[in-house]
Amino acid sequence: MSEGIELPEHHDAHSDDPLVLPVSLTISILAVLVAIVTLLGHRAHTEELSRETQAASRWTQYQAKSIRQHEAETLQTL
């Protein structure tokens, strides 16, 4: 039974090409730069979420304080 067509591998033929090393280095550097940008983007996003959470917490504290103040004023008038 046939296992299929095997394609010949020509890995050794490209080792003589003078562009292999510069292209490989360029791709590696670009990959590192993309990884750095991605990490910084995630860090900025996390920082923004933290700021939003803090702002929401402060607003909740303000509302709770305002409600308690209004209740105290209402009880004093009664």
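**Notebook: one chain, one helix**

I started with the secondary structure and counted one helix and zero strands in the chain. A reminder to myself: this is a predicted model.

**Entry 1, the whole chain.** Next I looked up burial. Of the 78 residues in the chain, 0% are buried. I then asked for the accessible surface, which comes to about 7,800 Å². Carbon and sulfur atoms hold 63% of that surface.

**Entry 2, a nonpolar patch.** Which residues form a nonpolar patch on the surface? I found Leu21, Leu25, Ile29, Leu30, Val32, Leu33, Ile36 and Leu40. Together they offer about 760 Å² of accessible area. I checked the location of one of them, leucine 40, and found this residue in helix H1.

**Entry 3, salt bridges.** How many salt bridges does a search of the whole structure find? My search came back with two, and I went through them in turn.

The first one I opened joins arginine 51 to glutamate 47, with the closest N and O atoms 4.0 Å apart. That value sits right at the cut-off, since a salt bridge asks for the nitrogen within 4 Å of a carboxyl oxygen. Both residues, arginine 51 and glutamate 47, belong to helix H1 and are four residues apart, about one turn of the helix.

The other one I opened pairs glutamate 48 with arginine 51, and here the closest N and O atoms are 3.7 Å apart. Glutamate 48 and arginine 51 are also both in helix H1, three residues apart, again about one turn of the helix. Through their shared partners, the salt bridges join Glu47, Glu48 and Arg51 into one network.

I wanted the general reason on the page too: side chains of opposite charge can pair when their charged atoms come close.

Are these residues buried or exposed, or something in between? Arginine 51 is partly exposed because its relative accessible area is 47%, between the limits of 20% and 50%. Glutamate 47 also counts as partly exposed, at 41% relative accessibility. Glutamate 48 has a relative accessible area of 36%, so I noted this residue as partly exposed.

**Entry 4, threonine 60.** Last stop for today: threonine 60, which I located in helix H1, residues 20–77. What does its side chain reach? I traced the contact to the backbone oxygen of alanine 56, at 2.8 Å. Threonine 60 has 48% relative accessibility and therefore counts as partly exposed.

How values were computed:
Residues are numbered from 1 along each chain as its sequence is written. This is a predicted model: local features need pLDDT of at least 70, side-chain atom pairs count only at pLDDT 80 or more; totals for chains, interfaces and linings use all residues. Side-chain values use heavy atoms; hydrogens and water are left out. Helices (H or I, at least four residues) and strands (E, at least two) are DSSP runs, numbered from the N terminus. Buried means under 20% relative accessible area, exposed over 50%, partly exposed in between (1.4 Å probe, protein chains only). Accessible areas come from the Shrake-Rupley method with a 1.4 Å probe; for residues, only the protein chains shown count as cover. A polar contact is a pair of N or O atoms within 3.5 Å; within protein, one must be able to donate a hydrogen and the other to accept it, and residues adjacent in sequence count only if both atoms are side-chain atoms. Patches are made of residues with over 30% relative accessible area and no salt bridge: like charges are joined within 9 Å, nonpolar side chains (Val, Leu, Ile, Met, Phe, Trp, Tyr) within 5 Å. A salt bridge is a side-chain nitrogen of Lys or Arg within 4 Å of a carboxyl oxygen of Asp or Glu.
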